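Here's a quick tour of a protein with a ligand, plus a look at some aromatic rings. Have the structure open while you read.

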Amino acid sequence: MLVAITRGVSPGIENCELTHLTRQPIDFSLVQAQHRRYEECLAALGCQAHCLPAEPDLPDSVFVEDTAIVLDEVAVITRPGAASRLPETLSIAQALQPYRKLRYIESPGTLDGGDVLRLDRKLFVGLSSRSNESGLAQLRQLAAPFGYTVEGVSVQGCLHLKSAVTQVAGDALLVNRAWVDPAVFGRMRFIDVAPSEPLAGNALLINETAVYPSTYPLTQNRLQDDGIAVRTVDVSELIKAEGAVTCCSLIFKV
Ligand code: CIR
């Protein structure tokens with residue numbers, strides 16, 4: 001069975017971190033409604049919901065993906081690269097405690113979960129503005145005993161590795177080649193985002209279905225033409241906060 005940890009949208013989301021986007025007003029009732037529909041979508045795909053209460057003082061705390069790397073054997077609590085996000089990990093560690101033994105990334109390491117792409121027993125870590133070599137080295141040391149290899153990937157032009165590339169089928173990755181060179185991922189098939197939709201590389205694969213933002217119809221067509229089952233969600237308000245679909249949940253087997 002799969003568990004999905006999510007957290008309600010902070011009423012402070014309008015003060016979120018922004019790196020590559022210009023700030024736009026976020027409609028709070030709409031973002032809450034979109035987030036609820038996202039949670040319903042995860043439940044419809046078979047995830048058992050573990051919903052945490054909103055954190056009014058932590059603007060980006062809805063983006064729970066960045067706070068932990070949940071492997072089958074252990075959960076690594078990250079040390080997010082934005083200082084404002086460091087306190088988010090406390091409640092996530094508590095939430096994960098019943099499911100996994102916990103390990104921690106420590107200073108001077110930084111690591112955002114959005115930079116970690118897992119393909120089977122390989123963990124690819126985007127060396128972005130949020131995740132550094134020390135964070136990568138610590139993750140390698142913590143995951144190696146369980147048979148995982150960890151490899152750094154350079155990314156440019158985007159916030160996280162998973163802004164640029166995500167898995168959409170057992171053998172296929174959705175990729176924006178302007179932001180990451182897919183050669184590092186080895187023998188996978190690559191589906192390119194539509195050139196006019198650079199932010200379209202983030203999909204959330206649950207079982208055989210790709211949860212995908214309704215904002216990117218051209219890339220959605222490319223996925224469906226490839227035979228990938230797509231379930232769209234409207235996350236337009238979360239996109240204004242530089243979020244997407246992977247970042248709003250931590251999904252793992254129990
Ligand atoms: C941030 O800049 O940290 C948030 N505004 C957005 C985080 C999105 N996280 C993700 O895609 N994994």
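**Ligand and rings at a glance**

In the side chain of R85, an N or O atom sits 2.8 Å from an oxygen atom of the ligand, a polar contact being a pair of N or O atoms within 3.5 Å. The protein covers 97% of the 350 Å² of accessible area that the ligand has on its own (Shrake-Rupley method, 1.4 Å probe). Keep in mind that this is a predicted model, where local features need pLDDT of at least 70 and side-chain atom pairs count only at pLDDT 80 or more, while totals for chains, interfaces and linings use all residues. Residues are numbered from 1 along each chain as its sequence is written, and side-chain values use heavy atoms, with hydrogens and water left out.

**Around the ligand**

- The ligand is surrounded by 14 residues (each with a heavy atom within 4 Å of it), and the closest are E17, D60, E65, R130 and A241.
- Sorted by class, that shell holds seven charged residues (Asp, Glu, Lys and Arg), four nonpolar and three polar.
- One nitrogen contact goes to the backbone: a polar backbone atom of E17 is 2.8 Å from a nitrogen atom of the ligand.
- D66 uses its side chain, with a polar atom 2.8 Å from a ligand nitrogen.

**Aromatic rings**

- There are three aromatic pairs, counted when ring centres of Phe, Tyr or Trp (its six-membered ring) lie within 6.5 Å.
- Y99 and F252 are edge-to-face because their planes are at 65° (over 60 degrees counts as edge-to-face, under 30 as stacked and the rest as tilted), with centres 5.1 Å apart.
- Y99 lies in the loop between α2 (88-96) and β5 (101-104) and F252 in strand β15 (residues 250-253), so this pair ties together parts 153 residues apart in sequence (helices are DSSP runs of H or I with at least four residues, strands runs of E with at least two, numbered from the N terminus).

Conventions. Polar contact = N/O pair within 3.5 Å; in protein donor to acceptor, adjacent residues only side chain to side chain.
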